Amino acid sequence: MKTPEIKRNNFKQYLKSTQIQGLELPIGLQELLLAIGHTCSKLSHEVSQGALIGLLGSAGTGNVQGEVQQKLDVIANDLLIDGVKNCSELAGLASEEMELPLPVKGIGDYLLLFDPLDGSSNIDVNVSIGTIFSILKKQESKKPLQTSDFLQSGRNQVAAGYVVYGPQTTMALTLGGGVVMFTLDKVSGEFLLIKDAVEISHSTKEFSINMSNMRQWAEPVRRYVEECLAGIGGARNKDFNMRWIASMVADVHRVLSRGGVFMYPWDQRDPEKPGKLRLMYEANPMSFLVEQAGGMSTNGKELIMDLVPRDLHERVSVMLGSKEEVTLLLGYHSED
Ligand code: AHM
Ligand code: MG
């Protein structure tokens, strides 16, 4: 069945027309966002070709986190660097795949952080994966770049988003005035606006967590999940559904699309680590999106966006999504 044709703004038109606090989006930021969009549309093509062009499997290298890199992790990282390095206001960038930041120009207004291909364990099994990005303002734009320039709280983000490579390639974006979504039209190669003012419902019946870690969780998380599992006969008085894609991008996309709560909490497998996910290029951008869509995001004690990072690759416990659930989780942690 053919649906009637709708005239949709493309990404460029959206960025040109949008205003933040009554001001046009700075040209340098528009340029950077368009470069990210353009690169992700190329990456979407590579991802969809997979084995046909020999892109599956391990790269035989490790990253700074001690994780095995997949070929596509490395390709995505290189593509992103190449795609943004000539942006006029980009001072530097940092990536999950690189130990140190790359001073692109060293000076300029913006800093880019990204996870080039999140959900690496899903690449070879043809399950959704994605790119996550966060843009910060460089505080002193004319001074040469230092790693410490990146260590700003998530509240300082001027833009954040992700691109999920699934049945459709969809981008979610916030510039601090709500959340919008675009889907890649693979014929024209353009991202077209599909949703404005995305909102996460305050209540939900869906939770998302890797249940195989249950015995390792802290008490408040165990209590929360046990109550969800108890369903209508338990303390929550309703039945819950569970989903776990193991790609944060795809799991958060579901939360933004139909509500829910996503958790990757601290656990005692490696008690010194605050969590698995990284604060600066995974948790912060996702928290910005979630808050802008009316949801909440916490590490159990504080809102993630309020945390002041000490390290580029710092890890954090994450619980985000529908307000009622995250509020409950915060309450359970405060009793602990
Ligand atoms: P990655 O950045 O190396 O892909 O790791 C992050 C991913 C998240 O996308 C996802 O939520 C989590 O790891 C899944 O972890 P697990 O395999 O422990 O369930
Ligand atoms: Mg990741």
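Start with the boundary between domain 1 and domain 2, where this predicted model has 18 residue pairs in polar contact, both partners being at pLDDT 80 or more. To see which part of domain 1 faces its partner, select strand E5 (90-95), E6, strand E7 (129-137), strand E8 (157-165), strand E9 (169-174) and strand E10 (179-185), each of which supplies at least two residues of the side of domain 1 that touches domain 2. Among these strands, E8 deserves its own colour, since the largest share of that side, 8 residues, comes from E8.

Next, colour the chain by its domain assignment, which gives domain 1 as residues 11-195 and domain 2 as residues 206-335. The centres of the two domains, taken over C-alpha atoms, are separated by 23 Å, and across the boundary 51 residues of domain 1 are in contact with 32 residues of domain 2. Together domain 1 and domain 2 bury about 3000 Å² between them, with 62% of that area on carbon and sulfur atoms. Now show Leu151, Arg155 and Tyr162 as sticks, for these residues supply 21% of the area that domain 1 buries against domain 2, more than any other three residues.

Stay at this interface and look for charged pairs: how many salt bridges does the rule find across the interface of domain 1 and domain 2? The rule finds 3 of them. Then select arginine 155 together with aspartate 306, whose side chains meet in a salt bridge with an N to O distance of 2.7 Å.

Move on to the magnesium ion (ligand 2), and display its protein donors, which are Asp115 (OD), Asp118 (OD) and Glu282 (OE), lying 1.8 to 2.0 Å from the ion. Along the sequence these donor residues follow the spacing D-x2-D-x163-E. Because aspartate 118 lies in strand E6 (residues 110-118) and glutamate 282 in helix H6 (residues 279-292), the pair ties together parts that are 164 residues apart in sequence. If you switch on a surface here, keep in mind that aspartate 118 and glutamate 282 are both buried.

For the last stop, select glutamine 69, which lies in strand E4 (residues 68-70). Is glutamine 69 buried or exposed? With a relative accessible area of 8%, glutamine 69 is buried, because buried means under 20% relative accessible area. Its side chain is joined to that of glutamate 97 by a polar contact of 2.8 Å. Leaving aside neighbours within four places in sequence, the residues in contact with glutamine 69 are Ser58, Ala59, Gly60, Thr61, Gly62, Asn63, Val74 and Glu97.

Technical notes: Residues are numbered from 1 along each chain as its sequence is written. Chains are lettered from A and ligands numbered from 1 in the order in which they are written. This is a predicted model: local features need pLDDT of at least 70, side-chain atom pairs count only at pLDDT 80 or more; totals for chains, interfaces and linings use all residues. Side-chain values use heavy atoms; hydrogens and water are left out. Donors are N, O and S atoms within 2.8 Å of the metal (3.2 Å for Na, K and Ca); water is not among the atoms, so sites may look incomplete. Helices (H or I, at least four residues) and strands (E, at least two) are DSSP runs, numbered from the N terminus. Buried means under 20% relative accessible area, exposed over 50%, partly exposed in between (1.4 Å probe, protein chains only). Domain bounds come from an automatic or database domain assignment. Contact means heavy atoms within 4.5 Å. Buried area is the accessible area (1.4 Å probe) that two parts lose on being put together, summed over both. A salt bridge is a side-chain nitrogen of Lys or Arg within 4 Å of a carboxyl oxygen of Asp or Glu. A polar contact is a pair of N or O atoms within 3.5 Å; within protein, one must be able to donate a hydrogen and the other to accept it, and residues adjacent in sequence count only if both atoms are side-chain atoms.
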